[in-house]
Amino acid sequence: MEKSPNGSTRDLLLDTGITLIGTVGSRQASARAVEDASGVPHGSVRHHFGGQSGFLAALVEQVYTGDRAAEGETTHEVIARWLGSDRVRTRARYELMLLSTRDEDLRRAMVGHRERYVDGLVDGGLPRTEARQLVAALDGLVLDALLRNSDGTDVDHDPTPLLRAFR
């Protein structure tokens with residue numbers, strides 16, 4: 001049985017799940033496919049997450065934890081990372097967003113994580129409504145860049161004018 005770099009089968013399943021969802025999509029990233037790609041016994045998703053629902057909720061947590069800005073990282077740098085080195089994770093996030101539109105538990109988890117971004121913007125002085133609009137607008141900007149196969153460094157996907165509009 002393989003282990004993730006930090007040695008946890010649970011983390012290996014999460015890393016593999018994100019990679020599969022971000023490359024082949026959620027329809028082809030079943031629990032069995034994730035277990036096979038991870039080299040772990042069938043039933044490992046059920047053992048570690050209680051089933052597919054628990055696994056998807058854990059994937060949402062993993063995606064949003066990895067998406068957070070590092071200390072000193074600007075919004076532009078975050079978007080460039082999402083569209084560059086973290087592109088597969090970003091694609092997985094959008095796949096999970098679509099799944100969450102049809103799954104109430106997953107929707108609550110997704111909204112809860114998005115609210116953390118909103119809370120950070122509110123703490124920085126934006127009114128809550130504007131903070132939610134900014135998070136949604138940045139999502140649209142990133143999704144558009146993915147659709148256009150942009151790495152986020154072109155002028156069309158520079159978040160600076162959008163950020164200025166909310167100041």
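This section describes the overall fold, the largest pocket and two individual residues of a predicted model.

The protein contains nine helices and zero strands. From the N terminus on, the order of elements is therefore uniform in type, α-α-α-α-α-α-α-α-α. The C-alpha trace spans about 50 × 30 × 30 Å along its principal axes. The radius of gyration is 17 Å. A compact globule of 167 residues would have a value near 15 Å, so the two figures agree.

Buried residues account for 41% of the 167 residues in the protein. Contacts were also examined by separation along the chain. Among those with a separation of 6 or more, 58% join residues 24 or more positions apart. The accessible surface comes to about 9,100 Å². Carbon and sulfur atoms hold 51% of that surface.

The largest pocket has a volume of about 550 Å³. Its lining is made up of 26 residues. Of these, T75, Y117, L121, V135 and L138 lie nearest the pocket centre. Five elements give two or more residues each to the lining: α4 (52-67), α5 (75-83), α6 (87-100), α7 (104-123) and α8 (128-147). The greatest contribution comes from α7, with six residues. By class, the lining has 14 nonpolar residues, eight charged residues and four polar residues.

One of the elements that line the pocket, α4, also holds G66. The relative accessible area of G66 is 28%, so this glycine is partly exposed, falling between the 20% limit for buried residues and the 50% limit for exposed ones. Leaving aside residues up to four places away in sequence, G66 touches R81, D86 and R89. For R89, the C-alpha atom lies 8.2 Å from that of G66. The two residues are 23 positions apart along the chain.

A second residue stands out by its backbone geometry. N149 has a phi near 55 degrees. This is a positive value in a residue other than glycine. N149 is located in the loop between α8 and α9 (160-165). Its relative accessibility is 63%, which is over the 50% cut-off, so N149 counts as exposed. G66, by contrast, is partly exposed and sits within a helix.

Technical notes:
Residues numbered from 1 in each chain as written. Predicted model: local features only at pLDDT ≥ 70, side-chain atom pairs only at ≥ 80, totals over all residues. Heavy atoms only, no water. 1 Å grid on protein atoms, 1.4 Å probe; cavity = no way out; pocket = protein on both sides within 12 Å on 5 of 7 lines; lining within 4 Å. Points joined across faces, edges and corners; volume = space filled by probe spheres on them. Helix = DSSP H or I, 4+ residues; strand = E, 2+ residues; numbered from the N terminus. Nonpolar A, V, L, I, M, F, W, Y, C, P; charged D, E, K, R; others polar. Rg over C-alpha atoms; globule rule 2.2 N^0.38 Å. Buried < 20%, exposed > 50% of the residue type's maximum accessible area, 1.4 Å probe, protein only. Contact = heavy atoms within 4.5 Å. Areas by Shrake-Rupley, 256 points an atom, 1.4 Å probe, with all protein chains shown as cover.
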